[in-house]
Amino acid sequence: MRVDRNWSDLPLGRRPPSRWALGARFIVADLPEGRRLIENGEVVIENDRVIWIGKRFEGELAARYDMGEALIGPGFVDLDALSDLDTTVLGMDNQPGWKKGRVWPSDYAGRAYEMYSPEELAFQKHYAFAQLLLNGITSALPIASLFYRAWGETVAEFEAAAVAAEELGLRVWLGPAYRSGGVILDDAGAMQPVFDEERGLAELEAAAAFAGRVHGTAGGLISGMFAPDRVETGTETLLRRTFSHADEMDLPVRLHMAQGEMELQTVRRLHGVTAPEWLDGLGLLSSRLIAPHATVATDDDLARYAASGVTVAHCPLVSARHGSSLKSFSRLKAMGIRIGMGTDTAPPDMVLNMSVGLMANRIAEGRGDPGSAAEFYDAATISGADALNRPDLGRLAVGSKADIAVFDMADRMIAPRIDPIQTLVYGATGRVTRATIVDGRLSMRDGQVAGIDLAAARDRAQAQFDGLVGHYPERTYGHPPVETIFPPSYPLHLSQSEVAS
């Protein structure tokens, strides 16, 4: 039997039926003595599990695939994974956000409607999940914007998300976002909190039923979670019931808080304290909680996180795009706070997020702890898995799930290599991802994702996004035209004459 095979022979979108090996110049291995680099080794996979890591395997194999000058490591765990066509990019150069459709005016709030059809909502999940796989992300907790929604997310779109995850081969924790309220602009342009608790509680019960129904399906690829929208859009009753359901079902809760000035001022206005202090007073801070982004957390807030075992989902790229940062990654680690990683924007590039996070940490620390590439790599793998109470993920160890990312260390990596982890992180792009394997199945190879025509999907995504932008005047204060909300970087040249050379 011929054991050595060409990489192109490995079936895309299917799990090989027998034991097989994947070799490369470098392997990140989680051994009993800790995380180590193995040079010129291989990983042996049988069904959905890693059964061996080391130098050349001498046992029986159906096939062996050599990736050459590459790094094989555990797939990334994305605790705040974009499952949307990213609207945050619209606010990068167009500020202030409340004037650009990020906060509903009162004359729209009473008639808010779904700006995407059910088919479009299903498509965006499918498309976004493919983007995650392209970037070596094997486990994801999806996040999307509610600004263009009628209120919260629907069970129907998450039923479609479960189908997409199974078809594409992505491990996901799913739960529609729900809320009891929001912030609107009154006629004078002042921000005012408004609530409809009954609507939020009904959405919570629907989300709980969904989580119970999908948890453990698709051969274990799909798990349930609870995703109350943002802390300022929740009431005490909604959050207490959320955590009660989560405790009963043993599922994670992700709640965005300590992430921005609008939230900080709104929660103080409503409750007289910061969001972490409010939840702590309610007895709701726990190791079950994943809390993006912590960029406006006070020292007391951080101490509460550390004492309660809360995991901060660090999303440095989207934070930096908005002019904020964690203060700082090294400081939170020193306090004993658990820190995982999230992308929360497009592209969902975890490598770029690690690089931006490392740079932001060094700026914030000054002459303090600079952090390291390895620490951020661990946060994007081990720490994310630990937040989900999944020691079989985020690691390459005997018995772990075969959730693997392979990164090119030669052709696509322009800079000379000093160390594979440092080279990967400082290279700052997930475009070096050659393969993504989930549950022993090759889900992405060399830019192709099983189950989707990416070229056609990109065209559809752009058309869908353009359609959404066309609706922005309806939900923007004063209802200015699109050209005023999102002016071009430079005035458009409308003359028919040639520009003189």
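Which residue takes a positive phi just after α13? Ala-428 does, with a phi of about 65°. Helices (H or I, at least four residues) and strands (E, at least two) are DSSP runs, numbered from the N terminus.

The model is predicted: local features need pLDDT of at least 70, side-chain atom pairs count only at pLDDT 80 or more, and totals for chains, interfaces and linings use all residues. Residues are numbered from 1 along each chain as its sequence is written, and side-chain values use heavy atoms, with hydrogens and water left out.

Helix α13 spans residues 420–427. At its start, a side-chain oxygen of Asp-419 comes to within 3.0 Å of the backbone nitrogen of Ile-421. Ile-421 is buried (under 20% relative accessible area, 1.4 Å probe, protein chains only). So are Pro-420, Thr-423, Leu-424 and Val-425. The buried residues of α13 pack against strands β2 (20–31), β3 (34–46), β6 (70–74) and β20 (404–408). They also pack against helices α11 (350–365) and α12 (373–387).

In soluble globular proteins, nonpolar side chains tend to be buried together. A nonpolar core is a set of buried Ala, Val, Leu, Ile, Met, Phe, Trp, Tyr and Cys residues joined through side-chain atoms within 4.5 Å. The largest such core here has 105 residues. Phe-129, Met-257, Leu-279, Leu-289 and Tyr-305 have the most contacts inside it. Helix α2 (residues 118–134) gives this core its largest share, eight residues. Apart from this core lies another, of 24 residues, including Trp-20, Val-50, Ile-72 and Ile-437. Leaving aside neighbours within four places in sequence, Met-257 is in contact (heavy atoms within 4.5 Å) with residues including Val-231, Glu-263, Leu-279, Leu-289, His-293 and Tyr-305.

Empty space was also searched for. A cavity is a set of points on a 1 Å grid over the protein atoms alone where a 1.4 Å probe fits but cannot get out; lining residues have an atom within 4 Å of a point. The whole structure holds two cavities of 30 Å³ or more. The largest has a volume of about 90 Å³, a volume being the space filled by probe spheres set on the points. Its lining has 13 residues, and Ile-143, Glu-153, Ala-177, Ala-227 and Arg-254 lie nearest its centre. Strands β9 (137–143) and β15 (227–228) each give two or more residues to this lining. By class, the lining of the largest cavity has eight nonpolar, two polar and three charged residues.

The second largest cavity has a volume of about 30 Å³. Thr-87, Leu-90, Gly-91, Lys-100, Arg-102, Tyr-472 and Phe-486 line it.

How values were computed:
On a 1 Å grid over the protein atoms alone, a cavity is a set of points where a 1.4 Å probe fits but cannot get out, and a pocket is an open set with protein on both sides within 12 Å along at least five of seven lines; lining residues have an atom within 4 Å of a point. Ala, Val, Leu, Ile, Met, Phe, Trp, Tyr, Cys and Pro count as nonpolar, Asp, Glu, Lys and Arg as charged, and the others, Gly among them, as polar. Buried means under 20% relative accessible area, exposed over 50%, partly exposed in between (1.4 Å probe, protein chains only). A polar contact is a pair of N or O atoms within 3.5 Å; within protein, one must be able to donate a hydrogen and the other to accept it, and residues adjacent in sequence count only if both atoms are side-chain atoms.
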